[in-house]
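Trainee: I've got a structure open and would like to learn how to read it. Could we go through it feature by feature?

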Number of protein chains: 2
Amino acid sequence: MARKSKEDAEETRKNIIDSAIELFLNKGVSSTTLNDIAENAGVTRGAIYWHFKDKTDILADIFSEVMNPIDTLAREIINDEAKTILDLKEHLKFVLKDIIFDKRKADIMSILLTRLDYSDQYKDFFNEHNVSHCKLLDATSIFFDKLQKKGTISTKFSARMIASSMHCFLSGLLTEHFRSEKDVMLKDHYGEYIEVFFAQIIN
Amino acid sequence: MARKSKEDAEETRKNIIDSAIELFLNKGVSSTTLNDIAENAGVTRGAIYWHFKDKTDILADIFSEVMNPIDTLAREIINDEAKTILDLKEHLKFVLKDIIFDKRKADIMSILLTRLDYSDQYKDFFNEHNVSHCKLLDATSIFFDKLQKKGTISTKFSARMIASSMHCFLSGLLTEHFRSEKDVMLKDHYGEYIEVFFAQIIN
DNA sequence: TGAAATATACATTCATGTATGTATATAATA
DNA sequence: TATTATATACATACATGAATGTATATTTCA
């Protein structure tokens with residue numbers, strides 16, 4: 001085969017991306033070759049090199065697809081849409097739900113968090129992800145600080161400390177979920193996890 | 001050069017391991033070649049192949065060095081050394097401190113958590129690590145269950161839920177710490193993080 | 001007919017594994 | 001104790017395969 005219509009070309013492009021996602025998930029990014037991707041997509045490497053510069057370029061395309069959900073969350077908090085802890089909890093639950101049940105998003109986040117090792121060639125992706133994290137950290141710090149001044153939440157810990165804890169909790173929750181869905185019961189209890197974090201466990 | 005004394009051989013072996021750890025940390029496991037390791041250790045690949053079967057074998061050796069701290073923690077809880085939440089918190093703080101400040105342990109855990117992507121060739125390591133996690137999950141579940149029956153902690157959530165949350169929190173804490181030491185203030189506040197998790201944040 | 005969308009072919013690099021060479025530590029022996 | 005044999009601890013060289021990138025051929029749309 002050779003040249004196809006513009007729509008067909010767009011289709012092969014999508015096939016390549018889909019194949020890449022599938023393989024990245026199953027084999028990990030670094031051990032997936034362009035040949036693997038091509039075969040899985042039913043094309044040759046020629047097609048891949050037409051649409052993409054290299055493997056990193058494919059990855060960039062994949063990650064650009066979902067505006068980082070963490071980032072969205074940060075924006076909402078910055079935009080002052082959350083007034084109370086209850087609001088924040090609802091936001092968090094929504095974001096979790098969104099990431100977990102939107103298969104495409106889940107797959108992509110899973111690749112970022114568990115199928116990519118921290119090496120030079122992928123540094124940019126981690127940096128970008130880290131920027132989002134920092135944004136969220138700052139936003140929630142400010143948020144908790146406000147609540148502390150209002151007297152809504154305890155001042156036993158600094159706002160930043162609480163924000164950082166929350167952030168690590170969420171990160172760990174997702175990472176463990178993607179690492180082994182069986183052990184973390186996130187799908188059935190995502191709301192509860194959020195509640196646990198903010199609840200008083202001790203009587 | 002050629003044959004050296006048994007002590008010298010042991011030394012080169014250690015050099016190889018140290019070089020590997022250093023490079024795995026800096027470049028990630030998959031993009032580190034045996035040649036990189038050899039050069040960095042001041043030997044040739046011949047030396048590496050004398051001491052190890054392949055890269056995976058080096059990794060296995062590295063991981064076997066530290067008995068997984070998570071595992072140790074689980075054992076202590078199973079052995080009933082923790083009677084109260086206070087005990088548990090102290091245990092957790094100790095484990096955290098141990099992992100963070102023992103550079104060797106920190107490096108190795110960092111490799112496991114952030115420098116290794118989840119692919120077929122490394123599946124065994126993740127499995128082993130996961131077994132430890134499950135042990136800890138079971139142990140803490142039983143622990144929290146006891147405390148709930150005693151009435152020491154809230155019964156609003158299932159013991160397993162609380163255990164899983166704690167587990168994800170710890171995992172996230174370490175992972176984020178290793179990903180970027182700057183953003184997580186674990187070194188200066190490791191105790192506080194533990195306190196935050198068990199504290200009542202809401203007034 | 002020209003350019004777009006691929007396949008094909010090829011050149012190159014690179015990592016791995018293995019085979020072999022070699023010097024020497026160590027043990028056996030006399 | 002001196003000598004010899006052998007296993008050890010590497011270095012070197014090579015063979016191979018695999019992944020990549022690129023150049024070119026091929027088809028076909030527009």
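**Reading the interface**

Mentor: Let's start where the two chains meet: across the interface of chain B and chain A, the rule finds zero salt bridges. Keep in mind that this is a predicted model.

Trainee: How many residue pairs are in polar contact between chain B and chain A?

Mentor: Nine, counting pairs with both residues at pLDDT 80 or more.

Trainee: And which helices of chain B supply the side that touches chain A?

Mentor: Helices α7 (103-114), α8 (123-150), α9 (159-179) and α10 (186-198) of chain B each give at least two residues to that side. The largest share comes from α9(B), with 13 residues. Sorted by type, the residues of chain B's side are 24 nonpolar, 20 polar and ten charged.

Trainee: How do people usually put a size on an interface?

Mentor: Its size is often given as the accessible area that is lost when the parts come together. Here, chain B and chain A bury about 4900 Å² between them, and 60% of that is on carbon and sulfur atoms. In residues, the contact takes 54 from chain A and 54 from chain B.

Trainee: Let's stay with α9(B). What end-to-end span should its 21 residues have, and what does the model give?

Mentor: At 1.5 Å a residue, α9(B) should span 30 Å, and its end C-alpha atoms are 30 Å apart, so the two agree.

Trainee: Is α9(B) mostly buried or exposed?

Mentor: Of its 21 residues, 20 are buried, so α9(B) is largely enclosed by the rest of the structure.

**Two serines on chain A**

Trainee: Can we zoom in on single residues? Where does Ser164(A) sit, and what does it touch?

Mentor: Ser164(A) is in helix α9 of chain A, which covers residues 159-179. Set aside the neighbours within four places in sequence, and Ser164(A) is in contact with Leu137(A), plus Val184(B), Met185(B) and Tyr193(B) from the other chain. Ser164(A) counts as buried because its relative accessibility is 1%, and the cut-off for buried is under 20%.

Trainee: What about Ser165(A): buried or exposed?

Mentor: Buried, because its relative accessibility is 0%. Ser165(A) also lies in helix α9 of chain A. With neighbours within four places again left out, Ser165(A) is in contact with Phe197(A), Phe169(B), Tyr193(B) and Val196(B). Notice that Tyr193(B) turns up among the contacts of both serines.

**Salt bridges**

Trainee: You said the interface has zero salt bridges. How many does the structure hold over all chains?

Mentor: There are 26 over all chains. One of them joins the side chains of Asp18(B) and Arg104(B), at 2.4 Å from N to O. That pair links distant parts of the chain: Asp18(B) is in helix α1 (residues 6-27) of chain B and Arg104(B) is in helix α7 of chain B, 86 residues apart. Asp18(B) is partly exposed, with a relative accessible area of 34%, and Arg104(B) is partly exposed too, at 29%.

Trainee: What if the partners are within one helix? Is there a rule of thumb for spacing?

Mentor: An α-helix has 3.6 residues a turn, so residues three or four places apart point the same way. Take Asp145(B) and Lys149(B): both lie in helix α8 of chain B, four residues apart, about one turn of the helix. Asp145(B) forms a salt bridge with Lys149(B), and their closest N and O atoms are 2.9 Å apart. Asp145(B) counts as partly exposed at 28% relative accessibility, while Lys149(B) counts as exposed at 70%. Elsewhere, salt bridges that share partners join Lys89(A), Glu90(A), Lys93(A) and Glu195(A) into one network.

Trainee: Which residue does Asp120(B) pair with?

Mentor: Lys123(B), with the closest N and O atoms 3.2 Å apart. Asp120(B) counts as exposed at 56% relative accessibility, and Lys123(B) as partly exposed at 30%.

**The whole of chain A**

Trainee: Stepping back, how many helices and strands does chain A have?

Mentor: Ten helices and zero strands. The C-alpha trace of chain A spans about 70 × 35 × 30 Å along its principal axes. Of its 203 residues, 54% count as buried. For contacts in chain A between residues at least 6 apart in sequence, 63% join residues at least 24 apart.

Key
Residues are numbered from 1 along each chain as its sequence is written. Chains are lettered from A and ligands numbered from 1 in the order in which they are written. Side-chain values use heavy atoms; hydrogens and water are left out. Buried means under 20% relative accessible area, exposed over 50%, partly exposed in between (1.4 Å probe, protein chains only). Contact means heavy atoms within 4.5 Å. Buried area is the accessible area (1.4 Å probe) that two parts lose on being put together, summed over both. A salt bridge is a side-chain nitrogen of Lys or Arg within 4 Å of a carboxyl oxygen of Asp or Glu. A polar contact is a pair of N or O atoms within 3.5 Å; within protein, one must be able to donate a hydrogen and the other to accept it, and residues adjacent in sequence count only if both atoms are side-chain atoms. Ala, Val, Leu, Ile, Met, Phe, Trp, Tyr, Cys and Pro count as nonpolar, Asp, Glu, Lys and Arg as charged, and the others, Gly among them, as polar. The expected span of a helix is 1.5 Å times one less than its number of residues.
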